[in-house]
Amino acid sequence: MSLPVRTRFAPSPTGYLHVGGARTALFNWLFAKRHGGTFVVRVEDTDAARNTEEARAAIFEGLEWLGLDWEDPEHEGDCGPYYQSQRTDIYEEWFQKLVTADRVYEDEGAWRFCFERKPITMNDLVCGEVVIDYTDESNTPDMVVRRSDGSFVFHFVNVVDDLTMGITHVIRGEDHLMNTPKHLQLIEALGATPPKYAHVPLILNGDGSKMSKRDEGAALGDYPKQGFLSSAVVNFLALLGWSPKDEKEIFSAAELIGKFSLESVNRAPARFDPEKCRWVNQQHLLGLSPDDFVASCASEASPAMLLSIQEKITLLTEVPDAVSFYLDPEFPTDPLALEKVKGNDLAATLLSKLVENFESLDDWSQAKEIIGTTAKASDAKPGQLMFPLRIALSGKAGGPDLGAILEILGKAECVRRLARFTALLK
RNA sequence: GACCCGUUCGUCUAAUUGGUUAGGACUCCGCCCUUUCACGGCGGCAACAGGGGUUCGAGUCCCCUACGGGUUGCCA
């Protein structure tokens, strides 16, 4: 029988979590969960120069925000340490195996691993069978596995870690495809069984260029700041380079786990589309329960106010602006919208009649009906009154449903705002 | 340069073992619903990189070219 699935994400601390790395982590997590396995995170911090506390924190904060869970000392893992900088004893021990097997030799103080000169075949779960020929030494010189200062290089520690941590599936970026035969050779020399490999395509900018730190959408830490829901980002990232192969597009993490498979991962790199990412976010916002939506807004505004804008916003960052007119008695009026109403005599008369009708209204729940009857009494369409009324009450051309605004503001405040607006019209 | 991977609407993508009017989604544009704003519904614009084969028949298989990406470190 096959071993319990263990996948891993092995970032190096660079100060931020790249969206491509986040997606790689997500695929590893989805695959592990799909097969009832475990997702391991280990930090490749052998390059001491950029290994800072904040750099490490950025990784874990990002993964946590996405809602992933992983194995480490705090999460019942016993394959630690999970930092390469703390595993030198292990590396030393495994390095001796290469020495014993006579597969390394000294070269100017460093140690090189000598490749077997033969074609190496890999069966990638995404790319299929790929053969790299190691016969020609000039293309594939023996690689350094231990530097002259005694430290070990990436290829060696990466392989030893995967082996000792019991990793069964290595899912990583396509930039590692050409590293795989090197790793396979190392594993063979160590007398171990290699994990299965899956190389997923990279994420590019909208124009096809490589995504770097400053590009839009590159840093995962920016998403919460920009008002994205983590569930939406998970959903969007999963759809970048992978397809559930049906018409549905909006998924919860649990649904993704149920559908994920490496066979459906694409080979071609995907381009990042901020527009669609926002649409996915809007869909997730729409799908939130009232309580969850209110909680996500993290706003001073009342639940009724917030709920009135749930289907009007795309990003959470729009919330303060969308509800500000409720809270600010002296809210600003959009000049453009005001201009549209200003030259309109009909609007002015309708509004003044509406004020009278509002004032004599005992049952405020009838307010919305009154709009229609007021307009009709003057032979006008209700729409001709509703737009000016919207400007009068909110200062904006768009916003929540008028009925909701009327109800939330209440009679006195509506009448007051109407009077204020009439003054503005002059 | 060498080696590797890739190429379907502008973007994300679907297309049972070769037989489709090449499907869906985002964006944009119409229409409908709505006495307002949205949501929603319906419809439209828009793609098999190019060229050769194989085949009765190719987006699907093979080759070449072009373009894109990756790798070629005592970085990870």
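Buried, in this talk, means under 20% relative accessible area. Keep that cut-off in mind for the salt bridges.

What you see above is a predicted model. Confidence first. Chain A has a mean pLDDT of 93. In that chain, 99% of residues reach 70 or more. For the complex, the predictor gives an ipTM of 0.94 and a pTM of 0.94.

Let's start with the RNA. How many residues surround RNA strand B? The count is 59. The closest are Glu249, Lys312, Pro382, Arg390 and Asp401. Now look at the strand's side of that contact. Of the RNA atoms that come within 4 Å of the protein, 74% belong to sugar and phosphate.

Here are three individual contacts. Asparagine 179 faces a base: an N or O atom of its side chain is 3.5 Å from a base nitrogen of RNA strand B. Lysine 245 faces the backbone, with a polar side-chain atom 3.0 Å from a phosphate oxygen. Glutamate 249 has a polar side-chain atom 2.3 Å from a sugar or linking oxygen of the strand.

Which elements build this surface? Those that give two or more residues include β4, β6, α4 and β11. Helices α9, α15 and α16 are also on that list. Helix α9 gives the largest share, 6 residues. By class, the surface has 24 charged, 19 nonpolar and 16 polar residues.

Stay with lysine 245 for a moment. It sits in the loop between α7 and α8. Its phi is positive, near 65°, and it is not a glycine. At 61% relative accessibility, lysine 245 counts as exposed. That value is for the protein chains only.

Now the salt bridges. The structure holds 25 of them. Arginine 42 pairs with aspartate 161, with the closest N and O atoms 3.3 Å apart. What does this pair tie together? Arginine 42 is in the loop between β2 and α2, and aspartate 161 is in helix α4, so the bridge joins parts 119 residues apart in sequence. Are the two partners buried or exposed? Both arginine 42 and aspartate 161 are buried.

Compare the next pair. Glutamate 330 bridges to arginine 420 at 3.2 Å between the closest N and O atoms. Glutamate 330 lies in the loop between α12 and α13, and arginine 420 in helix α17, so this bridge ties parts 90 residues apart. Glutamate 330 is exposed, at 52% relative accessible area. Arginine 420 is partly exposed, at 21%.

A third pair is lysine 368 with aspartate 401, at 3.7 Å, N to O. Here helix α15 is linked to the loop between α16 and α17, across 33 residues. Lysine 368 is partly exposed at 38%. Aspartate 401 is partly exposed too, at 39%. Recall that aspartate 401 is also among the closest residues to RNA strand B.

Some bridges share partners. Arg8, Arg42, Glu44, Arg87, Asp161 and Asp162 are joined into one network that way. So the arginine 42 and aspartate 161 pair belongs to that network.

Last stop: the backbone. Most peptide bonds are trans, and most residues other than glycine have a negative phi. The loop between α2 and α3 holds an exception of each kind. The bond from glycine 80 to proline 81 is cis, with omega near 0°. Proline 81 is in that loop. Glutamate 76 lies there too. Its phi is positive, about 55°. At 79% relative accessibility, glutamate 76 is exposed.

Terms used: Residues are numbered from 1 along each chain as its sequence is written. Chains are lettered from A and ligands numbered from 1 in the order in which they are written. This is a predicted model: local features need pLDDT of at least 70, side-chain atom pairs count only at pLDDT 80 or more; totals for chains, interfaces and linings use all residues. Side-chain values use heavy atoms; hydrogens and water are left out. A residue is near a molecule or strand if one of its heavy atoms lies within 4 Å of it. A polar contact is a pair of N or O atoms within 3.5 Å; within protein, one must be able to donate a hydrogen and the other to accept it, and residues adjacent in sequence count only if both atoms are side-chain atoms. Helices (H or I, at least four residues) and strands (E, at least two) are DSSP runs, numbered from the N terminus. Ala, Val, Leu, Ile, Met, Phe, Trp, Tyr, Cys and Pro count as nonpolar, Asp, Glu, Lys and Arg as charged, and the others, Gly among them, as polar. A salt bridge is a side-chain nitrogen of Lys or Arg within 4 Å of a carboxyl oxygen of Asp or Glu. Buried means under 20% relative accessible area, exposed over 50%, partly exposed in between (1.4 Å probe, protein chains only). pLDDT is the predictor's confidence in each residue, from 0 to 100.
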